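Work through the following exercises with the sequence and the coordinates open. Each one sets a task and then solves it in steps.

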Amino acid sequence: MSMSNTATVNAPCSSENDDMQVIEYYLKLQAQECFRLLYDRYAARIYSKAIAMLKNERDAENATQEIFTKIFLNLSKFSGGSKFSTWVYSVTYNYCIDFIRRNKRKQKLFADEVENPPDLIDDESLDQELLQMKVHQLKAVLEALPDGDRSILLMKYQDDMQIKEIAAIIGKRDSAVKMQLKRAKEKARKIFLDKFPLETE
């Protein structure tokens, strides 16, 4: 290998490079520093999402390693049509959902059935009720929700994701995401009223 080629291989990845640059360098040169840089940027985020969904540290740790393996094996398939962070979230989300299904923790995710039509309460009022819940109340409500409903609420309100980003991750149309969000908020409200009747008077 010539000196110029060595310099090229050793130079590329640094914290100043954006994700696409790091990915391009990695795919072209297979440079280990590119791998480490992306791992350092996203490992904690992946673990955070995994433990929020799987609720088990060991499962989340194993999931983080497997998800990263999946990401790097499929880096060449990332087209750049969305943000890399959105793609990473999508891989993480889908892995965790598959894990939950395999372990039969829930029989059905993103259930279409709801006891109350979503039009009973306007969306703005539902948002206000969610935002006004105390920490212990919100935690209890989220834990009682089905995994799919909890995840979509966290994407929207904790991760501040746009409807289009959520739609890309869960593979639904924008309109279906909006309906799922409203249904999830309706369920959250019902759980809240059931669990904390005295605190709502």
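**Exercise 1. Describe the largest pocket: its volume, its lining and the helices that supply the lining.**

Solution.
- Step 1, volume. In this predicted model, the largest pocket has a volume of about 230 Å³.
- Step 2, lining. The lining consists of 14 residues. Nearest the centre of the pocket lie R45, S85, T86, Y89 and M161.
- Step 3, helices. At least two lining residues each come from α3 (32-54) and from α5 (84-102). The most is given by α5, with five residues.
- Step 4, chemistry. The lining divides into six charged, five nonpolar and three polar residues.

**Exercise 2. Describe the second largest pocket in the same order, and state how many charged residues line it.**

Solution.
- Step 1, volume. The second largest pocket holds about 180 Å³ of space.
- Step 2, lining. The residues that line this pocket are L130, L131, L138, L142, L153, L154, Y157 and Q158.
- Step 3, helices. Two or more of these residues are given by each of α6 (123-132), α7 (135-144) and α8 (147-158). Helix α8 gives the most, with four residues.
- Step 4, chemistry. Seven lining residues are nonpolar, one is polar and none is charged.

**Exercise 3. Find how many cavities of 30 Å³ or more the model has, and describe the largest cavity.**

Solution.
- Step 1, count. The count comes to one cavity of 30 Å³ or more.
- Step 2, volume. About 70 Å³ of space lies in the largest cavity.
- Step 3, lining. Around this cavity are S48, K49, A52, M53, Y89, S151, L154, Q158 and D159. Y89 is also one of the residues nearest the centre of the largest pocket, while L154 and Q158 also line the second largest pocket.
- Step 4, helices. Both α3 and α8 supply at least two residues of the cavity lining. The largest share is that of α3, with four residues.
- Step 5, chemistry. By class, the cavity lining has four nonpolar, three polar and two charged residues.

**Exercise 4. Which residues of α7 are buried, and on which side of the helix do they lie?**

Solution.
- Step 1, burial. Q137, V141 and L142 are the buried residues of α7.
- Step 2, direction. Because these residues cover an arc of only 125 degrees around the axis, they fall on the same side of α7.
- Step 3, the other side. There, V135 and K139 are exposed.
- Step 4, partners. The buried residues of α7 pack against α8 and α10 (174-195). L142, one of the buried residues, is also part of the lining of the second largest pocket.

**Exercise 5. Check the span of helix α4 against the expected span, then find what its buried residues pack against.**

Solution.
- Step 1, span. Helix α4 covers residues 57-73, which is 17 residues. From its first C-alpha to its last, α4 reaches 24 Å.
- Step 2, comparison. This span is close to the 24 Å expected at 1.5 Å a residue.
- Step 3, burial. The buried residues of α4 are D59, A60, A63, T64, I67, F68, I71 and F72.
- Step 4, partners. These buried residues pack against α2 (19-29), α3 and α5.

**Exercise 6. Decide whether T86, T92 and G148 are buried or exposed, and place each one in its surroundings.**

Solution.
- Step 1, cut-off. A residue counts as buried under 20% relative accessible area.
- Step 2, T86. This residue is in helix α5. The relative accessible area of T86 is 6%, so T86 is buried. Apart from neighbours within four places in sequence, T86 is in contact with E165 and I169.
- Step 3, T92. Helix α5 also holds T92. T92 has 2% relative accessibility and therefore counts as buried. Its contacts, with neighbours within four places in sequence left aside, are I46, K49 and I67. Of these, K49 lines the largest cavity and I67 is one of the buried residues of α4.
- Step 4, G148. The position of G148 is in helix α8. With 0% relative accessibility, G148 counts as buried. G148 and I97 lie 51 residues apart in sequence, yet their C-alpha atoms are 8.1 Å apart in space.

Notes. Residues are numbered from 1 along each chain as its sequence is written. This is a predicted model: local features need pLDDT of at least 70, side-chain atom pairs count only at pLDDT 80 or more; totals for chains, interfaces and linings use all residues. Side-chain values use heavy atoms; hydrogens and water are left out. On a 1 Å grid over the protein atoms alone, a cavity is a set of points where a 1.4 Å probe fits but cannot get out, and a pocket is an open set with protein on both sides within 12 Å along at least five of seven lines; lining residues have an atom within 4 Å of a point. Grid points are joined across faces, edges and corners, and a volume is the space filled by probe spheres set on the points. Ala, Val, Leu, Ile, Met, Phe, Trp, Tyr, Cys and Pro count as nonpolar, Asp, Glu, Lys and Arg as charged, and the others, Gly among them, as polar. Buried means under 20% relative accessible area, exposed over 50%, partly exposed in between (1.4 Å probe, protein chains only). The arc is that of the directions from the helix axis to the C-beta atoms. Contact means heavy atoms within 4.5 Å. The expected span of a helix is 1.5 Å times one less than its number of residues.
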